[in-house]
Each structure stands twice: as C-alpha cells, then as structure tokens.
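Thanks for asking me to look this one over. My notes follow the model below.

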Amino acid sequence: MALREAAGLLLLPLLLLGLAGSAVRAGQVPLLAWSSHSSLWSPLAAPHEGHVVTETQLAALLDSALNNGPHNVLLLLQDKLSVEDFTAYGGVFGNKPDSAFPNLENALAGAPSSLVLPSVDWFAASAVPAFLKAKLGIAPLHVDQNTLQELKLNASLPALLLVRLPYTTGSSLMAPKEVLTSNDEILGQVLSALQSEDIPYTAILTALRPSRVARDVSDLAPEKVGRQLLQKDETLSPLQYPKTGTPKMLFWATNFSVAIDNTWHDLTSLTFGNNTSVDVDGSKSAPDASLLEMKYANIGGSSLTIRFHIRNLFYNVSARHWFSLYLVQLIVGGSPPVNFTATQITAPSNYSFSCARVSSYPASSSEALLVPSGNSQWRVLMTDFQIQCYNVTGLRFSYASDCAGFFSPGIWMGLLTSLLLVAIFTYGLHMVMSLKTMDRFDDPKGPTISVPQTE
C-alpha cells in the first residue's frame, strides 16, 4: 500500500512498478482510492512490501475514510484486474503515450489524498460493495457515464454510485489493452461529470477477481531459488486442541471465512498461528465422538461460536475406525445455531482429511460439502482444508485422505472414448483380416478352369 498526498505524490509509472513487484501471491487484486478531501489516510498505516491486505485491515482503512471524508462514494468495480495489467499496459517503462490508464494517472496525481493497495485478498475486495452499503446505509445506484450526467448529487446526503467495468482475456494481446483503455475513458467521463458539479467525493477502483494468477515456483527446486536472505515463512501453524500440552485435534486452512448477508469475515489470522485469540477450551475429545469448538469475541460486532461435530465409528467391511465431520454449527451471540450438514468429510481414524475447498455455496452444486439447513443467509468457506481428530502425533498431520475421487468425470470420458475407438479399430481390423482373395486364375493358353457348383 502506498499513500500519496498532493504535495508529494509520486508519478504513477513508479507506483505501477511497485505494484508489480508486490503482488506475487495468487488470489490478489489491487485497490486504488482517491478523494477530494485531504489527509484521509495516515502514511504510518502503510504495511510492509509484499503484505496482503486482509478484510479486517481493508475495512479499517475504508472506515476511517468514510468517517472523515465525503459521503459521496464512487465505486468502480471491474470484473477482473491484476497488477500485471498495470505492468503490461501502463506507461511503466517510459512508454507514456502507450499507457492504457492516462485518466487514472491524472486522477491519482491531482487528488489531495490517495490510497494504493497493491495486494488485497480478492475475497476482501469482493466484499467492498456490501461494506459500503452497510456503512452508508443506502443501496448502490448502478450508473454509467451517460446517466451520471443527468444525476444531481447533494453534498449533505450520502450517495453510493456503482460503475461496472468489463474485462476480457482474448487470444490477442491487444484485446485486454483495448478494453482497459475503454474503461479508462469511462473513468475519465465519470470523473468529469462529478467535478462539473463541484461535489466532494471519494472514488474506489478495484476488482471482483484477479485477471492473472502468478505461479510460485520457488519451492520446486531443492535450493529454494529466489530471495532467501531475511525471508520469512508466512505459513501459519494449525489450530490445536488443547492449545498447550499434547494435541488431540488439529485443524488448518489457508482461508477460513464466514459471511452473513454477503458480508465476509476472514477468520484465518484469528484461528491459525502462534498468537491467536480464538478460544477452544469448550472442545471435547472422546473415542466415539469429539467436538471442536472455536469462540471468537468480536466478529461483526458480536460474538461468534463455530462447532465441528465429529463421530468415530467402526466399520466391519474395512475392519477399521472411520471418523467423519457430520455437522457444522454457527452461533452468533445468543441466537439459535445455524446448522450445516457436512457430506463426504470422512477418513480413517489414523489418517487426516484434506480437501482443496470446503464450502456451503452454491448449495445446489456437488462441490458444496456443507449443506445449510433451510434458507440460511450464512456462508462458510475453507480452502486447503485439513483436519485430524484422532491419533495425532505432534503438530504434523498424518497421511491425508483427499476428497477428490480417483476417477474424475474427465478420466471417465477419456476411458470411454478410448474404449469406443479401440472397439472400432478391432472391428475394422477383423473385417480386413476376413477378406478372401481368389486362389485360382484362368490361363489363356491352357484349358478353361471348371469350377464345380458344389465347391
């Protein structure tokens, strides 16, 4: 993140170079904000380079801007966007006339206060519309450059204007640049309409999802190619119960989030790591049934309790015990629990269970391993999910039983197609081998061949 004031604003090309070097992890989008009001963001609040802004940190930054700045908010929401788009199509290598973002450059350069977040978790960025709606207390108004000219704003009344911008990843290298250039022209027209009314405003530009995902290959080589000096491993340790002593249960995920009314709350940093605030003292471990209870003091203004109900049964067919997570409960404050029935989350007791995605949406999809009971507004998402409830040895998971089946639909399609082609080839080869040629020929100089009718 970089904060720019009017007196000391750096040029956007240098800023874009910093953007491209900062966001190296997958699943991140940039967020740029500027305002006609000065001193909305403190330079001391800027995180270190390479830091990924979480939902909590983003909410704090936007909350301070809305409390101290204008309540006329312009949200420019692009379908997809990554910092690589600024590097590829911006004037960062001296190609100023070829930049696809001239209006954005001018807006950042002329704004009294601006905020640039190179790496924002796309999950947190996608929740910005819901956050602004809840903060301002009004629904977003979808506008474009034409309807905005007819709209009359009032500085004393809050307004949330939403402009959707497309994105394309066509086969031609010029296709994305043309779309980004068109989006920048729309941005210029919208800003001109706002400035013509002389209304103070705060503008935010972000995306719902990243347009490009950079692959990290530093772990492919044994030597760990890349930066190693002062490099810190940011992998968080799993949640264990009990927190002290010999662990009986382990739980881990790269992203652990819950949502109510499309407002997401990231629980990852509160759950995993060495210094976490989650309370697991209410958990229980027994040979036939266990309970992993996680209590959070303040999530969205109220307490939150999440319970994992696990049972351990013996099956004669496999002659071993299998544990299964069959129920997930969410309890907000003193309200009744919201139940999610877990499906296919099972593994042998001496194994752990892992899955790339465990979520409750979409409920009609086969990928949703958590099925809500009734029409619940709550959602749960866990990526790179792994849990072990029995036979835990230290802080390392045992061999993992993965949720992905051995035969995927693609494998079945390939096998059936191959069998069909082999059958056609075999039938054709059999027909060719069954062909019979003549074994007798008529000699014009000899007697005529007589073929009996009985042969």
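1. Buried here means under 20% relative accessible area, exposed over 50%, and partly exposed in between (1.4 Å probe, protein chains only). By that rule, 42% of the 455 residues of the protein chain are buried.

2. A word on the source: this is a predicted model, where local features need pLDDT of at least 70, side-chain atom pairs count only at pLDDT 80 or more, and totals for chains, interfaces and linings use all residues. Residues are numbered from 1 along each chain as its sequence is written, and side-chain values use heavy atoms, with hydrogens and water left out.

3. The protein chain has ten helices and 21 strands (DSSP runs numbered from the N terminus: H or I of at least four residues, E of at least two). Among its contacts (heavy atoms within 4.5 Å) with a separation of 6 or more, 69% join residues 24 or more positions apart.

4. Do look inside: the whole structure holds four cavities of 30 Å³ or more, and the largest is about 110 Å³ in volume. A cavity is a set of points, on a 1 Å grid over the protein atoms alone, where a 1.4 Å probe fits but cannot get out; lining residues have an atom within 4 Å of a point. Grid points are joined across faces, edges and corners, and the volume is the space filled by probe spheres set on the points.

5. The lining of that largest cavity includes L76, F101, N183 and D184. Helix α8 (174-196) and strand β3 (72-80) each give two or more residues to this lining, with α8 providing the largest share, four residues.

Technical notes:
On a 1 Å grid over the protein atoms alone, a cavity is a set of points where a 1.4 Å probe fits but cannot get out, and a pocket is an open set with protein on both sides within 12 Å along at least five of seven lines; lining residues have an atom within 4 Å of a point.
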